[in-house]
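Reader: I'd like a close look at one part of this model. Let's stick with the main hollow and what sits around it.

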Amino acid sequence: MDGGRQRLDKWLFFARVVKSRSLAAKLVQSGRVRVNRDKAEQAAHPVRPGDVLTITLDRRILVLKVLAGGVRRGPAEEARTLYEDLTPPPAPRDAALPDALPPLRDAGSGRPTKKERRETDRFRSGE
């Protein structure tokens, strides 16, 4: 590593954010990685300790502060020493807005019961 800098795709691979270096390069080129709020456009973008990465994955957004550059893709414990996780906790799923009222439906306005359907069928057939 030159002067504490490292290629972004290598760092993402060493920090175990993605499974392969080619996936890391695709992630960067697709515009899903920001370094200090600026969109990284190349996989060779240098990162150094102190940089803050914002990474958009499938259903989550990671905010990681680079603490060190990686030397190899080691175990997960070693990878966790490369960054500090600044990701805000996800909002609880069942936390509804306090002002929101549950949807109301008049009794009997839903689907007909089996008995009501049979009565409708008898009426239509003329019995």
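How many residues of the lining of the largest pocket are nonpolar, how many polar and how many charged?

Author: Eight are nonpolar, none is polar and four are charged. (Ala, Val, Leu, Ile, Met, Phe, Trp, Tyr, Cys and Pro count as nonpolar, Asp, Glu, Lys and Arg as charged, and the rest, Gly included, as polar.) Before we dig in, keep in mind that this is a predicted model, where local features need pLDDT of at least 70 and side-chain atom pairs pLDDT 80 or more, while totals for chains, interfaces and linings use all residues. Numbering starts from 1 along each chain as its sequence is written, and side-chain values use heavy atoms, with hydrogens and water left out.

Now the pocket itself (an open set of 1 Å grid points where a 1.4 Å probe fits, with protein on both sides within 12 Å along at least five of seven lines; lining residues have an atom within 4 Å of a point). The largest pocket holds about 200 Å³ of space, counted as the room filled by probe spheres set on the points. Around it you'll find Ala15, Arg16 and Val17, then Leu57, Arg60, Leu62 and Leu64, and finally Ala76, Ala79, Arg80, Tyr83 and Asp85. Strand E6 (61–66), helix H3 (76–80) and strand E7 each give two or more residues to that lining, and H3 gives the most, with three. (Helices are DSSP runs of H or I with at least four residues, strands are E runs of at least two, and both are numbered from the N terminus.) The protein has four helices and seven strands, running β-α-α-β-β-β-β-β-α-β-α from the N terminus on.

There's a second largest pocket too, with a volume of about 150 Å³. Val17, Leu57 and Arg60 turn up in its lining, and they are also in the lining of the largest pocket. The other residues here are Val18, Lys19, Leu23, Lys26, Leu27, Ser30 and Arg32. By class, that lining splits into five nonpolar, one polar and four charged residues.

Back to Tyr83 from the main lining. Its ring pairs with that of Trp11: the centres are 6.2 Å apart and the planes sit at 70°, so the pair is edge-to-face. (Rings of Phe, Tyr and Trp, using the six-membered ring of Trp, pair if their centres lie within 6.5 Å; planes under 30 degrees apart are stacked, over 60 edge-to-face, the rest tilted.) This contact links distant parts of the chain, with Trp11 in helix H1 (residues 8–14) and Tyr83 in E7 (residues 83–85), 72 residues apart. Trp11 and Tyr83 are both buried, that is, under 20% relative accessible area with a 1.4 Å probe, protein chains only. Phe13 and Phe14 make a tilted pair, because their ring centres are 6.0 Å apart and their planes at 40°. Both of these Phe residues are buried as well. The count of aromatic pairs comes to two.

Trp11 also matters for the largest nonpolar core (buried Ala, Val, Leu, Ile, Met, Phe, Trp, Tyr and Cys joined through side-chain atoms within 4.5 Å). Of its 23 residues, those touching the most other members are Leu8, Trp11, Leu12, Val17, Leu53 and Ile55. H1, helix H2 (21–29), strand E2 (33–35), strand E5 (52–56) and E6 each supply at least two residues of this core, and H1 brings the largest share, five. Across the protein, buried residues make up 26% of the 127.

Key: Buried means under 20% relative accessible area, exposed over 50%, partly exposed in between (1.4 Å probe, protein chains only).
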